[in-house]
Amino acid sequence: MDADMAKWRGYGLGQFIHWGLYSILEGKYKGKYYNGAAEWIRSWKEVPNAEYDVLNKQFNPATFNATAWAKMAKQMGVKYLTFTTKHHDGFCLWPSKYTDYTIESSPYKKDIVKEVVDAYTKEGIDVYLYFSIMDWHHPDWRYDLKTKEDSIAFDRFKLFTKNQLTELLQRYPQTKGLWFDGTWDNSWKKSGAFTDSLEQYLKSLVPGLIIGSRLRADEKGNRHVDANGVLMGDYEQGWERKIPKTYADVHGNDWDCVMTIPENGWGYAEKWMGHWKTTNELIEMTAQCVSLGGNFVVNFGPKADGSFRKEEIANAKEIGEWMKINSDA
Ligand code: JFZ
């Protein structure tokens, strides 16, 4: 346990990858741009869910090459990857046996999570799995538990969640940790006892598994602390697109900061939102996070075909040149 967290503290720089069905739409629908993060486009009410939910039939990343991804990450100098196994839309990039809405139902068919885990592990890069609890596609997902029927459905959903997480850890035993998301709704807030037992259970499956604070719902914004102010999980997941300024800001916790290169938006968008960060800015942010004891995680949003935007490739290459000189990579 301590050895695993000691390694985690030494990472410094990580890579985040958001890839899924939303990558096909590229942040627009019928030629109109969605003024939000591209991976949230399904929640844009002008995209009918029935139309979004059949995008699996189009997902066929012909030029995807996990080894090329991992080599780019290695050259960039990242020490770990956090990869979207399932985002809010519910589409699974591994062939889960608990839903039909998976990569197996796409023309591509092959297990993308396995390809990514194997390729990055081979390059010596630790792999963490991003997993959204909130699941827009699953019939038993609830935002709140208002009726008895809601509670019954959500009990099924909790079992589904536990089964999927068990499946991921059993299929990919190299997994170092889990980065949770989509835990902010009342339904999850009302499931605190389940969440506690889930954390213990997952750790029993993989000794030393590192679990982010966002597994827990919390009432206090995004710090994910319990009623006594004690950090939940192994590290604080709250630093999202913002950089702490002083040690006081990080409350003595372990923490990571995840960052988009554009102003916002994690999945691929044809037109990105706001300023595209320069390599210099990303390096300054890395140094600032490392100086305050955190890890800095730069997000990449590949296109649906599995290729990276040329601007991302340039950032990765230049960061790598800096890391080679200025870190003990
Ligand atoms: C979430 C997702 O909704 C988003 O699509 C992306 O995956 C990102 C990494 O995580 O977005 C959030 C979640 C929590 C906060 C902000 C954005 N927060 O706590 O401030």
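Colleague: Why is Val54 called partly exposed?

Modeller: This is a predicted model, so the value is computed from predicted atoms. Val54 has a relative accessible area of 46%. Buried means under 20%, and exposed means over 50%. The value for Val54 falls in between, so Val54 is partly exposed.

Colleague: Where is Val54 placed?

Modeller: Val54 is in the loop between α3 (49-52) and α4. Its C-alpha atom is separated by 12 Å from that of Asp100, and the two residues are 46 apart along the chain.

Colleague: What makes Lys30 exposed?

Modeller: Lys30 has a relative accessible area of 69%. The cut-off for exposed is over 50%. Lys30 is therefore exposed. The residue sits in the loop between β2 (28-29) and β3 (32-33).

Colleague: What is the phi of Lys30?

Modeller: Phi of Lys30 is near 50°, a positive value in a residue other than glycine. Most residues other than glycine have a negative phi. Arg241 also has a positive phi, of about 60°, although it is not a glycine.

Colleague: Where is Arg241, and why does it count as partly exposed?

Modeller: Arg241 lies in the loop between β8 and β9 (255-259). Its relative accessibility is 36%. Partly exposed covers values between 20% and 50%, so Arg241 counts as partly exposed.

Colleague: How do you know that Ser213 is buried?

Modeller: Ser213 has a relative accessible area of 0%. Buried means under 20%, so Ser213 is buried. Ser213 lies in the loop between β7 and β8. Leaving aside neighbours within four places in sequence, its contacts include Arg223, His224, Tyr235 and Glu236.

Colleague: How many salt bridges does the whole structure hold?

Modeller: A search of the whole structure finds 21 salt bridges.

Colleague: What makes Asp126 and Lys7 a salt bridge?

Modeller: Their closest N and O atoms are 2.9 Å apart. The cut-off is within 4 Å, so the pair qualifies as a salt bridge. Asp126 lies in strand β5 (residues 126-132) and Lys7 in helix α1 (residues 2-9), so the pair ties together parts that are 119 residues apart in sequence.

Colleague: Are Asp126 and Lys7 buried or exposed, or in between?

Modeller: Asp126 has a relative accessible area of 9%, so it is buried. Lys7 is at 44% relative accessibility, so it counts as partly exposed.

Colleague: Why is the link between Glu199 and Arg216 called a salt bridge?

Modeller: The closest N and O atoms of Glu199 and Arg216 are 2.0 Å apart. That is within 4 Å, so the link is a salt bridge. Glu199 lies in helix α8 (residues 192-205) and Arg216 in the loop between β7 (210-211) and β8 (236-240), so the pair ties together parts that are 17 residues apart in sequence. At 5% relative accessibility, Glu199 counts as buried. Arg216 is at 14%, so Arg216 counts as buried too.

Colleague: Which residues are linked in a network of salt bridges?

Modeller: Glu26, Lys28 and Glu270 are linked in such a network.

Colleague: How do you know that Asp89 has no salt bridge?

Modeller: The nearest side chain of opposite charge is Arg42, and it is 6.8 Å away from Asp89. A salt bridge needs a distance within 4 Å, so Asp89 has none, yet Asp89 is buried.

Colleague: What does the side chain of Asp89 reach?

Modeller: A polar contact of 2.6 Å joins the side chains of Asp89 and Tyr52. The Asp89 side chain also reaches the backbone nitrogen of Phe91, at 3.0 Å. Asp89 itself is in the loop between β4 (80-86) and α5 (112-122).

Colleague: Why are helices α4 and α10 called oblique?

Modeller: Helix α4 (residues 66-76) and helix α10 (residues 310-326) pack at an angle of about 40°, with their axes 7 Å apart. Angles under 35 degrees count as roughly parallel, and 65 to 115 as roughly perpendicular. The angle of about 40° fits neither range, so α4 and α10 are oblique to each other. Met72, Gln75 and Met76 of α4 make the contact, with residues of α10 including Ile313, Ala316 and Met323.

Colleague: What makes Met323 buried?

Modeller: Met323 is at 7% relative accessibility. The cut-off is under 20%, so Met323 counts as buried. Met323 and Gly14 are 309 residues apart in sequence and 12 Å apart in space, C-alpha to C-alpha.

Terms used: Residues numbered from 1 in each chain as written. Predicted model: local features only at pLDDT ≥ 70, side-chain atom pairs only at ≥ 80, totals over all residues. Heavy atoms only, no water. Helix = DSSP H or I, 4+ residues; strand = E, 2+ residues; numbered from the N terminus. Buried < 20%, exposed > 50% of the residue type's maximum accessible area, 1.4 Å probe, protein only. Lys, Arg positive; Asp, Glu negative; His and termini not counted. Polar contact = N/O pair within 3.5 Å; in protein donor to acceptor, adjacent residues only side chain to side chain. Axes fitted to C-alpha atoms, helices over the stretch in contact; angles between N-to-C directions. Parallel < 35°, antiparallel > 145°, perpendicular 65-115°, else oblique. Contact = heavy atoms within 4.5 Å.
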